[in-house]
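Please look through the structure below together with its sequence. The paragraphs that follow lead from the ligand to the interior of the protein and then to one loop residue.

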Amino acid sequence: MRLVVVGAAGRMGRALVRTIAATEGVTLAGAVEREGSPHLGEDAGVLAGLPANGIALSDDPLPLFAAAEGVLDFTSPASTLHFAELAAQARIVHVIGTTGCSAADDDRIEAASRHAVVVKSGNMSLGVNLLAALVRKAARALGPEFDLEIVEMHHRHKVDAPSGTALLLGEAAAAGRGVALRDVAVRARDGHTGARPAGAIGFQALRGGSVVGDHTVILAGDGERIELTHRAESRELFAKGAVTAALWGRGRKPGLYSMADVLGLSD
Ligand code: NAD
């Protein structure tokens with residue numbers, strides 16, 4: 001399967017280039033960076049710490065999408081919207097790992113998915129998607145007498161909060177309780193906040209160092225507490241998930257899919 005990596009000079013972009021090189025059945029068909037990037041023209045393999053592969057970073061995605069079967073996209077919400085339109089025109093699989101999309105952004109991505117397969121997830125790892133299934137089950141079993149808090153920590157360069165993964169886990173908890181996350185989410189606390197509202201799902205975001213991504217879901221009841229934790233140890237984990245999603249999406253009918261669909265966890 002011929003894949004284009006957009007954001008190829010980014011932390012995830014480089015991990016994707018390495019993962020494609022190490023995976024049978026996929027080849028790197030192009031590498032895209034933003035206009036004005038100092039890395040344009042550089043060899044994507046060398047940038048990712050591999051031998052040269054002859055694929056130079058380009059700021060012109062259109063001809064590359066036209067000659068590919070899929071695009072792996074871990075960039076920014078604005079660029080992901082642009083790539084969603086191009087991928088829909090080219091009718092190629094669009095795997096979206098970008099986080100921080102607004103509800104309006106998600107509507108536009110859904111519109112693009114009428115024409116092409118889109119797999120979008122705030123976390124592409126098997127472990128987190130399994131954790132989400134466990135959280136849904138725990139939230140359903142324990143009910144709102146157990147206060148639910150989601151704590152995440154990421155490296156100092158991360159620009160959005162809470163993380164896409166924390167929101168994915170929050171959605172799973174809300175689904176378990178049969179409520180809409182937007183009605184119960186408490187995304188920040190500061191000053192005299194008053195007591196905790198019953199049924200709230202709280203988020204706390206820590207930032208620092210080089211942490212790839214830690215998430216803990218706490219269910220705190222009277223006299224007992226459950227903590228469910230996932231720790232990502234390398235970005236290759238997400239890159240492997242993205243490649244798996246692209247292969248899964250090939251030949252499927254257009255639509256918006258999640259990583260839980262890819263992994264068979266969306267019961
Ligand atoms: P990063 O800043 O290192 O990389 C993003 C890259 O995208 C940069 O090189 C940037 O120049 C490039 N870019 C921006 N606009 C572009 C455009 N219009 N065309 C081409 N390239 C463009 O960030 P990162 O740490 O690699 O994370 C990227 C995104 O992926 C973030 O939203 C992050 O939260 C998300 N992420 C998701 C998962 C997951 O499993 N879903 C895992 C890790 C990171």
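A polar contact is a pair of N or O atoms within 3.5 Å; within protein, one of the two must be able to donate a hydrogen and the other to accept it, and residues adjacent in sequence count only if both atoms are side-chain atoms. The model is predicted, and local features need pLDDT of at least 70, side-chain atom pairs count only at pLDDT 80 or more, while totals for chains, interfaces and linings use all residues. Residues are numbered from 1 along each chain as its sequence is written, and side-chain values use heavy atoms, with hydrogens and water left out.

With that definition in hand, an oxygen atom of the ligand lies 3.2 Å from an N or O atom in the side chain of Arg34, and an oxygen atom of the ligand is 3.0 Å from an N or O atom in the side chain of Lys158. The backbone takes part as well, since a nitrogen atom of the ligand is 3.1 Å from a polar backbone atom of Gly97. Of the 860 Å² of accessible area that the ligand has on its own, the protein covers 79% (Shrake-Rupley method, 1.4 Å probe; for residues, only the protein chains shown count as cover).

The ligand is surrounded by 20 residues, of which Arg11, Met12, Glu33, Thr99 and Met124 are the closest; a residue is near a molecule if one of its heavy atoms lies within 4 Å of it. By class, this shell has six nonpolar, ten polar and four charged residues, where Ala, Val, Leu, Ile, Met, Phe, Trp, Tyr, Cys and Pro count as nonpolar, Asp, Glu, Lys and Arg as charged, and the others, Gly among them, as polar.

In the interior, the largest nonpolar core has 37 residues, and Val5, Ile20, Leu72 and Val95 touch the most other members. Such a core is a set of buried Ala, Val, Leu, Ile, Met, Phe, Trp, Tyr and Cys residues joined through side-chain atoms within 4.5 Å, and buried means under 20% relative accessible area, exposed over 50%, partly exposed in between (1.4 Å probe, protein chains only). Leaving out residues up to four places away in sequence, Val5 touches, among others, Leu16, Ile20, Leu28 and Leu72 (contact means heavy atoms within 4.5 Å). Apart from this core lies another, of 22 residues, including Leu148, Ile150, Leu219 and Leu228.

Finally, is His39 buried or exposed? His39 is partly exposed, because its relative accessible area is 23%. Beyond its neighbours within four places in sequence, His39 is in contact with Ala9, Arg14, Leu47 and Leu57.
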